[in-house]
Amino acid sequence: MTVRLLQDYLIRQAQARPRAVAIVDGDRRLTYAELDRQSNSLAWTLREAGCQKGDRIALLLPKSAVAIVSMFAALKAGCIYVPMDVDSPRDRLDLILGSSGSRFLLAVGSSASLAEQLLAGTATTTRLGWLESPSHPEFLGGGVTPGFRWQAAESEAPPESTGSSEDVAHLLFTSGSTGRPKGVMITHANVIPFIDWATSHFNYTPEDYISGHPPLHFDLSTLDVYGTSAAGAQLHLVSPKLNLLPHKIADFIRDRELTQWFSVPSLLSYMAKFDVVRQNDFPKLKRLLWCGERFPTPALIYWMKRLPHVEFTNLYGPTETTIASSFYKVPECPVAEDAPIPIGVPCAGETLLVLDEQMQPPPVGDMGSLYIGGVGLSPGYWNDPEKTRAVFVDEPFGPASHRLYKTGDLASLGHDGLVYLHGRSDSQIKSRGYRIELGEIEVALQTTNGIREAAVVAIESTGFEGAVICCAVVPERGVAFEPQVLRQRLSQRLPHYMLPSRWLRFERLPLNGNGKVDKPVIRSQFSESLHSEVS
Amino acid sequence: MSTCIERIQNIFSQVLYRDVQSPQADLFETGLLDSMGLVELLFNLEQQFGFQPDINNLDFDQFRSIESIANLVESSGAGQNS
């Protein structure tokens, strides 16, 4: 059967290998037949509750087997799923829910109270879809009545599909510089070519035990979920709790005998920092993939020295161009700790262009802006033609229909034919793999009590976390400067990974000649204070 | 002289800038302790108490609250002379 829609991967495996294990979630295992039939049943429930083609279904679900059942169910009902971060504060989820205009919000026991806060007493038209479990049979929120309830039931067949591969499959919300997260539309046709390329290039087999490390609202998880289904392999969901203690992650890889690992580099650097990987550890592991940010070369050397039997591949690509657009298999353990690791060459069907301000390729080795085109290119941002036009542009010398995404990354094409990254042309940063617009933090600060003025800068660190977020504050007159209180207030608006970890009090913010806040001056003050802490 | 609990409370408020309601508050459920916080916490526990744990023997419950972190530090014998 040809795969035209993402759920076809699952349907195909359920026919070929129904009893094979698809998902391992703690002590719970779900076979391909169970995953297929349960998602059929929930798809029928969504249809019967009034869902129509193109309706958005928000998933307020922790990473779990039932969350993946829900993803497939939404697709089988012809809907668009919107994975939500259950650890995000309510205010931010409110923005995402409102922007997506979801017909239903699916919740389970652990997210019930957050669901009630989001849906109770507001003008929202979103209704609750309650996913029962033996430990939480009832939705106990007083102010909200579920629009439907579903328990792990099974149906033989899904609703009839009228879907096209150009339909949007999911919306992934990323940080927005104006304070509102942007919903990137990803179609079936965006994902399928990458999954087909990756599973073939990385030789995924039914015998593979694949990690499910990133959260489901993070686009890397798209490869975990659909790559595993495409191969008929096992997906081993990694509990986010394990991230705190690096040796627990190492135990997990060892005990589960994982064969492929895919995560953000900050986790791998964290494991290297605590030296939890033994020589020739993880004998079953064949491949380690990372994406989302730069993997510091010293940490890569740490891993490659200990695991000579493993292939190490860097994947690169923003959410807007679907999972990854380029790859680089590190041929051998780097010798120099400052050796740059390129982002490599385009994946099948993708184009990477380094262009100067005149939209012309600069001489080889010179820096320009990185643009990406090809099969993974998203149609744009949900309900936001203005933001879409700003970064999805016409290809300068291709056919008129060809578009490019302006990544905001600075890059060069090396004499070796490989693309190298050289930082950002804007104020977007990466911290622990999360993409963060500093502007989103500043907007949240503007409405935080006790602050007269604030500015946010990032400082590259040599630690595992990537950039360190630093906040310069001019307190309100007569208000004491208490960063722990400001951080607490800010945590009502922003997820924890966006909260500044360094704070300094300023009498007034320094201004440059144009009267704008002088970020370089602020950055150097933070650099000095960081430096004095270390020495 | 301040107690071990008070000194750890001080690390949370003055170094990690995290507002912990009580020594018993669950640091995981409240999201107050993440990997970045743990690295800074361990660094400061070493600086202030000479506490150097064997990472491979650490468990979640030992970091669940300021009280349990204080128990961990005290039972290791670290910080007794400071």
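The exercises below, with worked solutions, deal with the interface of chain A and chain B and with three residues of chain A.

This is a predicted model, in which local features need pLDDT of at least 70 and side-chain atom pairs count only at pLDDT 80 or more, while totals for chains, interfaces and linings use all residues. Residues are numbered from 1 along each chain as its sequence is written, chains are lettered from A in the order in which they are written, and side-chain values use heavy atoms, with hydrogens and water left out.

**Exercise 1.** Describe the extent of the interface between chain A and chain B.

*Solution.* Start with contacts, meaning heavy atoms within 4.5 Å. By that rule, 23 residues of chain A touch 22 residues of chain B. Next take the buried area, the accessible area (1.4 Å probe) that two parts lose on being put together, summed over both. Here the value is about 2,300 Å², and carbon and sulfur atoms give 65% of that. On the side of chain A, the residues that lose the most area are Leu244(A), Gln484(A) and Arg487(A), together 26% of what that side buries.

**Exercise 2.** Find the salt bridges across the interface, and state which elements of chain A take part in the contact with chain B.

*Solution.* A salt bridge needs a side-chain nitrogen of Lys or Arg within 4 Å of a carboxyl oxygen of Asp or Glu. Three pairs across the interface pass. One of them joins Arg502(A) to Glu40(B), with N to O at 3.5 Å. Now turn to the elements, where helices (H or I, at least four residues) and strands (E, at least two) are DSSP runs, numbered from the N terminus. Those giving two or more residues to this side of chain A are helix 8 (246–255), helix 9 (265–273), helix 13 (483–490) and strand 27 (502–505). Helix 13 of chain A gives the largest share, four residues.

**Exercise 3.** Locate Asp275(A) and Met359(A), and give the sign of phi for each.

*Solution.* Most residues other than glycine have a negative phi. Asp275(A), in the loop between helix 9 and strand 13 (287–290) of chain A, has a positive phi of about 50 degrees. Met359(A), in the loop between strand 17 (350–355) and strand 18 (367–374) of chain A, has a positive phi near 60 degrees.

**Exercise 4.** Is Glu350(A) buried or exposed, and which side chain of opposite charge is nearest?

*Solution.* Glu350(A) belongs to strand 17 of chain A. Glu350(A) is buried (under 20% relative accessible area, 1.4 Å probe, protein chains only). Counting Lys and Arg as positive and Asp and Glu as negative, with His and the chain ends not counted, the nearest side chain of opposite charge is Arg403(A), 11 Å away, and Glu350(A) has no salt bridge.

Key:
Buried means under 20% relative accessible area, exposed over 50%, partly exposed in between (1.4 Å probe, protein chains only).
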